[in-house]
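Here is a short briefing to read with the structure open in your viewer. Take a moment to look it over, then come back for the surface details.

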Amino acid sequence: MRIPDPTAASVFGLPLWLVVAVGAVALFGAFQVYYWVGRRLGEALYRSRVGRRIGRERIERVENVVRRWGALAVYGCFWVPGLRHTLPWVAGALRVDYRWYVTASALGCLTWVPVTSFGLYSLLWAWLSLAARSPVLAAAVVAVIAVAVALLVRRRRRRGRGGDAPAAPEAVRSCRDA
């Protein structure tokens, strides 16, 4: 099987690099909206539907990460799935300096979007190449990944039911205390 030219890659007829660039700009815009919603709502975030769904304890843990690491936490949140869409509005509620926030979110978009887009594209093509040569082996790879994900989910749910001891009230500060 011939490996396709990566510069000729396309999605919906558009060059992959253009799709990635548009995705980076869109994510950057979303991060700015998250920040300003968080800044506007502040403490009301806890009472919002999203805040109730996430849970006060989790939001307070994110607050502690933002307090400790500041704008570096904003950049780091791109690489941590649970934080990617939670931390920006918490940063807004905590009123992280917007100049640092916008810099960190721009750097995050410029690095995370291309790495994940091209990485996932490469994985997809590698799997399709494998499937073309050996459909049985490709199915086995999918089965192994599915089992690994199921075991990980089961382990996390079991750990969650075991109940981590809640933090002492004085150890956790929220944006209302700041």
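The notes below cover two helices and two surface patches.

This is a predicted model. Two helices come up throughout: α7, which covers residues 98–133, and α8, which covers residues 135–162.

**Helix α7**
- With 36 residues, α7 reaches 51 Å from its first C-alpha to its last, close to the 52 Å expected at 1.5 Å a residue.
- Its buried residues include two tyrosines, Tyr101 and Tyr121, along with Trp112 and Cys109.
- Also buried in α7 are Ala104, Ser105, Gly108, Val113, Ser129 and Leu130.

**The nonpolar patch**
- A nonpolar surface patch of about 800 Å² takes in Leu124, Trp125, Trp127, Leu128, Leu137, Val141, Val142, Ile145, Val149 and Val153.
- Both α7 and α8 supply at least two residues of this patch, and α8 gives the most, with six.
- One member to find in your viewer is Trp127, which sits in helix α7.
- Trp127 counts as partly exposed because its relative accessible area is 31%, which lies between the 20% limit for buried and the 50% limit for exposed.

**The positive patch**
- Four arginines, Arg154, Arg157, Arg158 and Arg161, form a positive surface patch.
- Arg161 belongs to helix α8.
- Arg161 has a relative accessibility of 69%, so it counts as exposed; the cut-off for that label is over 50%.

**A helix reminder**
- An α-helix has 3.6 residues a turn, so residues three or four places apart point the same way.

Key:
Residues numbered from 1 in each chain as written. Predicted model: local features only at pLDDT ≥ 70, side-chain atom pairs only at ≥ 80, totals over all residues. Heavy atoms only, no water. Patch = residues over 30% accessible without salt bridge, like charges linked within 9 Å, V, L, I, M, F, W, Y side chains within 5 Å. Areas by Shrake-Rupley, 256 points an atom, 1.4 Å probe, with all protein chains shown as cover. Salt bridge = Lys/Arg side-chain N within 4 Å of Asp/Glu carboxyl O. Lys, Arg positive; Asp, Glu negative; His and termini not counted. Charge placed at Lys NZ, Arg CZ, Asp CG, Glu CD. Helix = DSSP H or I, 4+ residues; strand = E, 2+ residues; numbered from the N terminus. Buried < 20%, exposed > 50% of the residue type's maximum accessible area, 1.4 Å probe, protein only. Expected span 1.5 Å × (residues − 1).
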